[in-house]
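This report describes selected features of one protein chain and the molecule bound to it. Please keep the sequence and the 3D view at hand while reading.

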Amino acid sequence: GATIGILGGGQLGRMLSVAAARLGFKTCVYEPGGDCPASHVANFHLQAAYDDADALRRFAQSVDVITYEFENIPTDALDILEAIRPVRPGREALRISQDRMTEKDFLSGLGLTPAPYAQIDTLDDLTAALAQIGTPAILKTRRFGYDGKGQARITDPAQAEEAFAAMAGAPAVLEGFVTFTHEVSVIAARGPDGQIACFDPGENVHKDGILHTTTIPARIPRSRQTDAVLLAGRILNALDYVGVMGVELFVTPQGLIVNEIAPRVHNSGHWTQNACPVDQFEQHIRAVAGWPLGDGQRHSDVVMENLIGTDADTWEALAKEPGTAIHLYGKADAKPGRKMGHVNRITPRA
Ligand code: ATP
Ligand code: MG
Ligand code: MG
């Protein structure tokens with residue numbers, strides 16, 4: 001059978017490997033770290049850095065198609081890999097989602113609505129942008145931010161200097177604070193032939209900048225859910241996208257605001273593992289392998305809860321709960337803020 005190459009060895013790579021194995025594929029994980037969640041379940045683990053050209057070439061030659069679990073693949077690595085095997089999702093999705101500024105320009109260009117934003121390279125830029133956008137606002141690094149890292153909230157223009165210093169010289173973007181009624185995300189998939197399948201939007205609650213729960217169904221009107229799904233479809237089509245994407249949205253009385261997109265399987269899609277015949281991981285593997293997309297209609301209502309840090313210590317009690325599926329990532333040290341696992345609590349679809 002074919003082998004799927006996965007860049008990145010975290011829990012997303014792990015769950016992609018499990019899904020690939022169920023479909024009869026082998027997986028090879030490329031990950032600089034040693035004992036990583038994906039290496040425990042993948043067939044092969046190539047342990048090398050992302051600037052190791054020889055290792056990248058060997059990896060590409062040993063697989064049939066390449067995908068990834070994180071969007072910060074260096075361009076040089078991509079050049080090497082792409083010359084040898086198809087990389088899915090493709091280059092354009094990576095280029096756009098690696099930089100918040102590029103991403104917002106792209107979304108605006110599609111006629112979608114991001115939060116008001118401005119490029120911030122200097123303290124003067126920030127002062128001017130605050131005068132225009134107002135407070136509260138959030139200053140974010142353009143690249144490499146996740147789980148709310150690299151962000152500074154500004155409630156008063158007097159905090160500009162402190163917030164700017166917190167970016168430590170990294171290029172940044174200022175965003176107006178969106179007063180949303182709900183936060184939702186769409187997990188959307190697109191195959192090489194243009195077929196699109198979206199899971200029902202989930203409602204997300206964050207705690208300390210980290211996703212805490214995803215609840216399905218989202219408590220927003222059916223018509224808004226349809227708006228969200230159609231909007232996600234437009235993004236995928238515009239990128240000629242192949243694979244699963246997470247689209248994070250703010251719901252406001254004025255309509256949907258796009259927060260950010262992630263060109264990969266997404267934490268807010270973990271609920272699909274126990275509420276749908278085909279989950280986001282299998283859907284992603286199907287898309288990158290050129291299979292028909294599967295049935296992602298949910299048969300259950302579900303609440304996904306992340307197990308962060310020592311949350312997973314309660315695994316024994318969780319394992320006894322009816323209607324609860326427990327997923328642990330096999331990570332050794334439960335550092336604060338570290339994603340150790342998640343649970344899906346399902347009930348029959350209302
Ligand atoms: P991840 O990639 O892990 O989802 P991130 O570090 O890229 O997170 P964001 O998604 O930008 O962070 O922000 C994290 C959370 O902070 C959002 O889900 C939302 O709850 C809140 N937030 C971010 N930007 C805004 C905004 N402009 N207005 C209101 N809330 C915001
Ligand atoms: Mg993000
Ligand atoms: Mg986010």
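Where is the place of Pro 89? Pro 89 sits in the loop between helix 3 (75-82) and helix 4 (91-97). The model is a predicted one, and the values below are computed from it.

**Domains**

The chain is divided into domain 1 (3-87), domain 2 (116-176) and domain 3 (182-348). Between the C-alpha centres of domain 2 and domain 3 the distance is 28 Å.

**Backbone details**

The bond leading from Arg 88 to Pro 89 is a cis peptide bond, with omega near -5°. Another cis peptide bond joins Thr 135 and Pro 136, where omega is about -5°. Pro 136 belongs to the loop between helix 6 (123-133) and strand 6.

Positive phi values are listed in the table.

| Residue | Phi | Place |
|---|---|---|
| Phe 144 | about 70° | loop between strand 6 and strand 7 (151-154) |
| Asp 240 | near 45° | loop between helix 8 and strand 13 |
| Gly 290 | near 80° | follows helix 10 |

Neither Phe 144 nor Asp 240 is a glycine. How many other C-beta atoms lie within 10 Å of Phe 144? There are 12, so Phe 144 is exposed. Asp 240 has 13 C-beta neighbours inside 10 Å and therefore counts as partly exposed. The cut-off matters here, because a residue is called exposed if it has 12 or fewer such neighbours.

**Helix 8**

Helix 8 covers residues 222-238, which is 17 residues. From its first C-alpha to its last it reaches 25 Å, close to the 24 Å expected at 1.5 Å a residue. Which residues of helix 8 are buried? They are Ala 228, Leu 231, Ala 232, Ile 235 and Leu 236. Viewed down the axis of helix 8, these buried residues fall within an arc of 140°, so they line one face of the helix. The face turned away from the buried side carries the exposed residues Arg 222, Ser 223, Thr 226 and Leu 230.

What do the buried residues of helix 8 pack against? Their partners are strand 9 (182-190), strand 10 (196-198), strand 13 (243-252) and strand 14 (255-262). After helix 8 comes Asp 240, with its positive phi.

**Helix 10**

Helix 10 spans residues 280-289. Of its 10 residues, 9 are buried, so helix 10 is largely enclosed by the rest of the structure. The buried residues are Gln 280, Phe 281, Glu 282, Gln 283, His 284, Ile 285, Arg 286, Ala 287 and Val 288. Helix 10 is followed by Gly 290.

**Surroundings of ligand 1**

How many residues surround ligand 1? There are 17, and the closest are Ala 115, Gly 145, Tyr 146, Glu 175 and Val 178. The elements that give two or more residues to this shell are strand 6 (137-141) and strand 14. Strand 14 is also among the strands against which the buried residues of helix 8 pack.

By residue type, the shell around ligand 1 divides into 5 nonpolar, 5 polar and 7 charged residues. Which domains each supply at least three residues of the shell? They are domain 2 (116-176) and domain 3 (182-348).

Note on methods: Residues are numbered from 1 along each chain as its sequence is written. Chains are lettered from A and ligands numbered from 1 in the order in which they are written. This is a predicted model: local features need pLDDT of at least 70, side-chain atom pairs count only at pLDDT 80 or more; totals for chains, interfaces and linings use all residues. Helices (H or I, at least four residues) and strands (E, at least two) are DSSP runs, numbered from the N terminus. The expected span of a helix is 1.5 Å times one less than its number of residues. A residue is buried if 20 or more other C-beta atoms lie within 10 Å of its own, exposed if 12 or fewer, and partly exposed in between; C-beta atoms are placed from the backbone. The arc is that of the directions from the helix axis to the C-beta atoms. Two residues are in contact if their C-beta atoms, placed from the backbone, lie within 7 Å. A residue is near a molecule or strand if its C-beta atom, placed from the backbone, lies within 6 Å of it. Ala, Val, Leu, Ile, Met, Phe, Trp, Tyr, Cys and Pro count as nonpolar, Asp, Glu, Lys and Arg as charged, and the others, Gly among them, as polar. Domain bounds come from an automatic or database domain assignment.
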